[in-house]
Structure formats: structure tokens, C-alpha cells
Amino acid sequence: MKKFSLLLGTVAAAIAAPALAAPGDARGNPDADNNGVLTRAEVEADVAKRFAKLDANKDGKVDEGDRAAHRAERQNAMFAALDTDRNGSVSRAEFDAAAAARDAKRAERRAQRAERRGDGADMRGKHGGRRHGGGGRMLGMVDTNGDKAITLDEMRTAALARFDRIDANKDGQVTAEERAAMRGQRGEGRRGGAA
């Protein structure tokens, strides 16, 4: 169940991203015409694109087999990045150089975040609790037939349900104001206020 929960985390991100992503978002912009407004059609197209990417073995469902394929792909890419001399093995020097580069990038990102906040505080660990344990809830919300696999229809249904919750005036479009209102409601719910 734990492995499937991790897979569902990936699916959850794919479902949430189309409705909440702002134009110019680095994770991908489902707003195909870049007008700042998401339509149901844009969300459906984005979900189809994301599903195709998640369905590694192209069997029409996202399941443990796809998770294993993506994990192998990531491991191969990581090995290739470490094996700088391309001799098929990673030397201690290559490993240490990669670790130093990774640590330098992390330090740079922390400094940039602190600069943007203006307080110099390090925010690591502030979100730990909400990132774990959601797989079971996602399983019930997305895998509607309980077969431990997510189909395109299931993913589309979940994404459009989220879209409909954010579309406050029910005009078939999600504006920047509606996205901001949803984020505000989510924040109030976490702080114990009205959701």
C-alpha cells in the first residue's frame, strides 16, 4: 500500500496542478492560450498530457508497473549524471563532486528563498506533516473502482471535480481571483479557521 500511496502522490500532483497552476508556473502551464483563465477544455487536455507521461508502459492505467518504470528511468538518469567519464562505473571522485554540486545548489536556493522573504529564515521542515499520509484519501478519491490503478477517466473526473470546486461562479472558467480564493481557503483550513 505504501508504494501505491507514493504513486498516488504523483497522480494527486497531476490532478491539482491544472486547476491551481498560475500562468507562467514552472511546473507547466495548462493555460494553453496564456490568457490567465483556465477552461474545462484546457484542464482536460492538460490531464490527458500528464496521464500519457505517467502511463510509462502505455497500458491505459497508472499503477505500480508505471511507478517502477519511472523509478528505473530516474535511477538511470542519476547514474548517468554521476558517471561523468562515461566508463560505466561511478568513482569516489565522481560521487563526491556530484554531492558537492548538489549541496552548492541547495545552499543557493536557500539563500534565494531567504532573500525573497527578506528575513533570512530557513523554512525547511515547515510543511512536513501535510505531505505524508494522503495516499489513502487520494486512493478513495481517484481510484473509484478500487483496482489499485488510475485510468484516464478516473484522473479526468477527479481533476474536473477539483476544477468545479474552484470555479466559484460556475462559468466553466477558473480565473486568477478564483485560484487565489481557493488558496486562501486552504490556508485558513490549515490554521484552524473556516475552510
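**A guided reading of the predicted fold**

The protein has seven helices and four strands, where helices (H or I, at least four residues) and strands (E, at least two) are DSSP runs numbered from the N terminus. This is a predicted model, in which local features need pLDDT of at least 70 and side-chain atom pairs count only at pLDDT 80 or more, whereas totals for chains, interfaces and linings use all residues. Residues are numbered from 1 along each chain as its sequence is written, and side-chain values use heavy atoms, with hydrogens and water left out.

Along the sequence, the elements follow the pattern α-β-α-β-α-α-α-β-α-β-α. Of the contacts with a separation of 6 or more, 56% are accounted for by residues 24 or more positions apart; a contact means heavy atoms within 4.5 Å. Of the 195 residues, 28% are buried; buried means under 20% relative accessible area, exposed over 50%, and partly exposed in between (1.4 Å probe, protein chains only).

One buried residue is Asp 31, with a relative accessible area of 3%. Asp 31 is found in the loop between α1 (2-20) and β1 (38-39). Its C-alpha is 8.0 Å from that of Val 43, a residue 12 positions away in sequence.

The structure holds seven salt bridges, each being a side-chain nitrogen of Lys or Arg within 4 Å of a carboxyl oxygen of Asp or Glu. In one of them, the side chains of Arg 40 and Asp 164 meet at 2.5 Å, N to O. Because Arg 40 belongs to helix α2 (residues 40-54) and Asp 164 to helix α6 (residues 152-166), this pair ties together parts that are 124 residues apart in sequence. Arg 40 is partly exposed, at 30% relative accessibility, and Asp 164 is likewise partly exposed at 30%.

A salt bridge also forms between Arg 156 and Glu 44 (3.9 Å, N to O). Arg 156 lies in helix α6 and Glu 44 in helix α2, so the pair ties together parts that are 112 residues apart in sequence. Arg 156 meets Asp 153 as well, at 2.8 Å, N to O. Asp 153 and Arg 156 are separated by about one helical turn because they are three residues apart in helix α6. Glu 44, Asp 153 and Arg 156 are thus linked in a network of salt bridges. Within this network, Arg 156 is partly exposed at 24% relative accessibility, and Glu 44 is partly exposed at 32%.
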